[in-house]
Amino acid sequence: MGDFNPVTNETASPQPHQGAPLVRLEKVSRTFDDGAVVALRDVDLAIQPGECVGVLGPSGSGKSSLIQIMGGCDVPTAGRVYWRGNAMTSLSSWSRVRGIEIGVVFQDYLLLPTLTAIENVEMALIGRGLSASLRRRRSAELLEQAGLEARMNHLPYALSGGERQRVAIARSIANRPVLLLADEPTGNLDSANARAVADLLFKIQSAEGAALVLVTHDGALAARCSRTVRIMDGAIVDDSGVDPGARPCASTDRLRQEAGARP
Ligand code: ADP
Ligand code: MG
């Protein structure tokens, strides 16, 4: 674990262990209601840099619980989670990773309704040591990449579901994460918009070299991933094995390096 900084009240980014998976779950269980509900049971799963992993399972099987734990938004009731080889024992240990090295996309977009598309993306870049003009330029580039150049100044209510999700995807990759988690990102969309959103996620995954974990009900969508994991009643029942496209990924904070920011 990195050093604690009493000024920022934060723990420094954990130092990556060479060759470690991005995230590894070891015998992870998550229960609710004093153990009455078992969302995850004894899950062992590792995600390597650059992998493209589809997670399939019926409603209530634990997919969202898995994403929450892999993204550092929740901690298990039993077992351990490692980020680049470092044991992450509390929510605060994820504070320099979540939203920076890890981007998350949700089924219901979770855009801030009073901010325009570009302002929603810019929010992800606040506090990262970039000037306001650089934040704006990067956000505009991300929205262009998502095909939304004509929609940047619209509020979410004026955007279609597919457009909202593409804004959410642009926001999720603003800090150039090494891991992108998408929890049923096409679940609320018609087939044409679902296709556009999925195409954007796969384009980003291959262009940025980020690992993508894509939770879906849609077998055809999961089949576009190089690795498929099936979950049932909180347990992994099938895993097609590590994506042959997995690749080493050295840098921990790619946006800051790209922007020439000092650590
Ligand atoms: P999925 O995303 O596959 O639909 P979830 O991970 O959301 O599944 O949920 C797995 C199980 O855990 C379900 O039975 C669900 O009702 C339960 N669950 C999830 N979150 C909570 C919570 N905060 N409190 C109580 N039960 C929960
Ligand atoms: Mg879910």
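This passage describes a predicted model of a protein chain with a bound ligand, taking in turn its confidence, its ligand shell, its sheet, its nonpolar core and its unusual backbone angles.

The chain has an average pLDDT of 90, and 91% of the residues score at least 70. Residues 1–10 have a pLDDT below 50, although this stretch makes 15 contacts in the model beyond near neighbours in sequence. Where pLDDT is low, the predicted coordinates should not be read in detail.

The shell around ligand 1 is made up of Phe32, Asp33, Val37, Ala39, Gly57, Ser59, Gly60, Ser61, Gly62, Lys63, Ser64 and Ser65. By residue class, this shell divides into three nonpolar, seven polar and two charged residues. Strand E4, which covers residues 37–47, and helix H1, which covers residues 63–70, each supply at least two residues of the shell, and the largest share, three residues, comes from H1.

Strand E4 also belongs to an open sheet of four strands, which follow the order E4-E3-E6-E7 with antiparallel pairing. The edges of this sheet are formed by E4 and by strand E7, residues 86–87, each of which pairs on one side only. Strands of a sheet pair through backbone hydrogen bonds, either parallel or antiparallel. Within the sheet, E3 and E6 are paired in the antiparallel sense over five bridges, and Leu25 has Val81 of E6 as its bridge partner. Strand E6, residues 78–83, is joined in turn to E7 by two bridges, again with the strands running antiparallel. Across this pairing, Tyr82 has Ala87 of E7 as its bridge partner, while Trp83 stands opposite Asn86 in E7. The hairpin of E6 and E7 has two residues between the strands, and in this hairpin Arg84 takes a positive phi near 45°.

The largest nonpolar core contains 69 residues, of which Leu179 and Leu212 touch the most other members. Helix H5, spanning residues 191–208, gives the most to this core, with six residues. When neighbours within four places in sequence are left aside, the contacts of Leu212 are with Cys52, Val53, Leu180, Ala182, Leu201 and Gln205. As a general background to such a core, nonpolar side chains in soluble globular proteins tend to be buried together.

Backbone angles with a positive phi also occur in loops of the model. Most residues other than glycine have a negative phi, and most peptide bonds are trans. Asp34, which is not a glycine, nevertheless has a positive phi of about 55°, and this residue is found in the loop between strand E3, residues 23–32, and E4. Asp34 is classed as exposed because it has 6 other C-beta atoms within 10 Å, against a cut-off of 12 or fewer for that class. Leu110 likewise has a positive phi of about 55° although it is not a glycine, and its place is in the loop between strand E8, residues 102–105, and helix H2, residues 117–123. With 13 other C-beta atoms within 10 Å, Leu110 is partly exposed.

Definitions and conventions: Residues numbered from 1 in each chain as written. Chains lettered and ligands numbered in written order. Predicted model: local features only at pLDDT ≥ 70, side-chain atom pairs only at ≥ 80, totals over all residues. Near = placed C-beta within 6 Å. Nonpolar A, V, L, I, M, F, W, Y, C, P; charged D, E, K, R; others polar. pLDDT = per-residue confidence, 0-100. Contact = placed C-beta atoms within 7 Å. Core = buried A, V, L, I, M, F, W, Y, C linked by C-beta atoms within 7 Å. Buried ≥ 20, exposed ≤ 12 C-beta atoms within 10 Å, placed from the backbone. Pairing = 2+ DSSP bridges.
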